[in-house]
Structures are given as C-alpha cells and as structure tokens.
Amino acid sequence: MSDDEEPREVAANGDQPHTAAANGDQPHRVAANGDEPREEAVTVTGLRYAFGRATAVDGLDLTVAAGEVFGLLGPNGAGKTTAIRCVTTLLPVPPGMVRVFGHDVTTDRMAVRRLLGYVPQQLSADSSLTGRENVSLFARVFDVPRRERADRVAQALEAVGLSEAADRMAGTYSGGMVRRLELAQALVSAPRLLILDEPTIGLDPIARTGVWDHIMAIRAASGMTVLVTTHYMDEADQYCDRVALMHQGRVRALGTPRRLTDDLRARLGDGTSPTLEDVFRDVAGGSLDDLDRGEFRDVRRTRNTAARVG
Ligand SMILES: Nc1ncnc2c1ncn2[C@@H]1O[C@H](COP(=O)(O)OP(=O)(O)OP(=O)(O)O)[C@@H](O)[C@H]1O
C-alpha cells in the first residue's frame, strides 16, 4: 500500500464508519455500536509529530468512543508511543489536533490530565516501597482528597488483585504483579480514560491473561475507556473492540478485529481464515521488515519488569 492511500476504516458495527460531528467545543459524538451515538473519549485529527527531522507520527486521524477498548497496534517505531504521549499531554502539539472528552490537550491540559490514567512502558513503581505505598504516592500526586485516600488506594489494589500482597515491598513482586500494581497506580484517580502502553510486554502468557482479566473487569465495572498499545495481535483480537494498525506513523487499517479479518477473507476468497497479523501484512505490504524478520511477534524490546523492579 502506498503512503498516499487512505486507511481502511470500518465501523464498530460493521456498517457506517465512525464520523465525528464538528460541533465546536462540545464533546463529539460517534456511533460506536450502530445505535445511539457515543461520546468521543479521544479525537485525533491530522496529528503529526517529529523528533528533529525524524517524523514519528505522520497525519494520524483517530476517534475512540467512550467506553470502548481501543488498540493501537504496530511494530517498533510505528509511532504508537509518540501518539499516546501526545494524547497524555506529555508531548507538545498544536491546538486542535488532540482532544480528550472534548478538552484540547494543549489549551486545556490540566482538565485532560485529571481525566486520564496512564501506564507508560517505563517502570513507574518503586521497588523499595510496598504496593500500598506506591499507590498512595500516586493518590497524593493526583490530589485524591486526604479523607478518601486510604479507601481509594485499597479499592485500586483490590481491583487488580493485590490486596493480600499490598504490604509487601514491590521489589518482591513478579512481573505480572508489578504490571498490576502500575495499573492500580493509574486507577487510583478514577480516570475516565485509561491509557496503557504495552501493558503485557515481557510477561508470560499466564501473567498476560491475568493483567487483561483485571483490565476487562475494571472496564466492565466502571465503563472506563481504554486506549492500549500492543505488539500482541492475539491480545488485540481477543480484547479490543476496535484496533488501528499503524505503520510508519500512519494508520493503515481501522476497525473491529472481526471486520478486518472478514474483509481480508472476502478479498482473498481462497478459503483461508486470515488473522489480524495477516491483515497487518496485507496493509503494510512487504515493507514491514520487522514483521518479516519475526521481531514483530516476539516483543522486540522485552520489558523484563520483574528484573528491573528487583
Ligand atoms: N525521544 C525521541 N527522540 C528521537 N526519536 C524518537 C524519540 N522517541 C521516538 N523516536 C522515534 O520516533 C519513531 C516512533 O517511535 P515510537 O516510540 O512512537 O514508536 P512505537 O510504535 O511506540 O515503537 P515501540 O513499539 O518500539 O515502542 C521511531 O523512529 C523512534 O526512533
């Protein structure tokens, strides 16, 4: 696919593509399920970001509907983390390019920060503090009222299954427990939008499932919107309502995993059942060198969380 081609866009219900209503400062609405339009949690319009002369994000358009689990997929260097850091206000972008629940990340930065919880790829837990102390620290940083703090910290730890281990040093946690602790840190401020950058990188399959089980349970209980990046196509297929496949700073395909694979199956017409990874190969073409070398599948920069905490 050439750089000039449009990404394939598919609606969550398989019918109409999501369309944003240009209605000024009001949160936009999108039809995420074919029924009532839903509020837009994230709206990215023509986002470009360059580090010096290196373009990391190259004209990204995205809409994440409130309440959905949206996956940003792609190989190393596709621009996923850069895009996410723009949404979290950590990288400066011109006004009008990125909005969170209708708030512009540039002109209304503090309002945006109050709405989101962010689990970065980098380690954010302190090995010399207990799990509870780590989450308490975030509760203070995020201005959780003092009288609510102990309860909110306990609830966040409970939500990720760490109540029993709460008073152990984080340095004794397994990689999966550390990831869940970081999830609790992000949850303690009761965000409307949870952003997770490679939440399961470097974890074994059981720990990966454990992390996702908690994410999905929290989402079901709270209705929280989840924006997640991952290299793992199988996770995206299983857990994401919609995915955007990114390559070289641009979205190459967008839709529900089911719709994207069905669409490819119909086009191939050879009786095979393509996976999401096949869709990626199809839209990224032979230029996806990482994928061809197998690096894509094997988590290129393994985040050995447990070792780093210890
Ligand atoms: N701080 C930085 N300074 C210079 N270049 C950067 C910086 N951060 C990212 N880049 C470059 O921007 C491009 C996109 O990187 P980004 O980290 O957004 O990709 P990614 O899809 O998140 O990859 P990964 O899966 O490896 O995290 C890459 O070419 C990367 O080298």
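This is a short chat about a strand, a nonpolar core and a ligand shell in a predicted model.

Q: What should I know about the numbering and the model before we start?
A: Residues are numbered from 1 along each chain as its sequence is written. The model is predicted, and local features need pLDDT of at least 70, side-chain atom pairs count only at pLDDT 80 or more, while totals for chains, interfaces and linings use all residues.

Q: Okay, is strand S10 enclosed or not, and why?
A: Six of the six residues of S10 (residues 225–230) are buried, so the strand is largely enclosed by the rest of the structure. Buried means that 20 or more other C-beta atoms, placed from the backbone, lie within 10 Å of a residue's own, and strands are DSSP runs (E, at least two residues), numbered from the N terminus.

Q: Which residues sit on each side of S10?
A: Thr225, Leu227 and Thr229 lie on one side and Val226, Val228 and Thr230 on the other, with both faces covered.

Q: And which strands pair with S10?
A: Strand S5 (residues 69–73) pairs with S10 in the parallel sense over five bridges, and strand S9 (residues 193–197) also does so in the parallel sense over five bridges; pairing needs at least two DSSP bridges. Leu73 stands opposite Thr230, while Asp197 has Thr229 as its bridge partner.

Q: Switching topic, what surrounds the ligand?
A: The ligand is surrounded by 12 residues, the closest being Phe51, Ala56, Asn76, Thr81 and Thr82, where a residue counts if its C-beta atom, placed from the backbone, lies within 6 Å.

Q: Which element gives the most to that shell?
A: H1 does, with three residues.

Terms used
Helices (H or I, at least four residues) and strands (E, at least two) are DSSP runs, numbered from the N terminus. A residue is buried if 20 or more other C-beta atoms lie within 10 Å of its own, exposed if 12 or fewer, and partly exposed in between; C-beta atoms are placed from the backbone.
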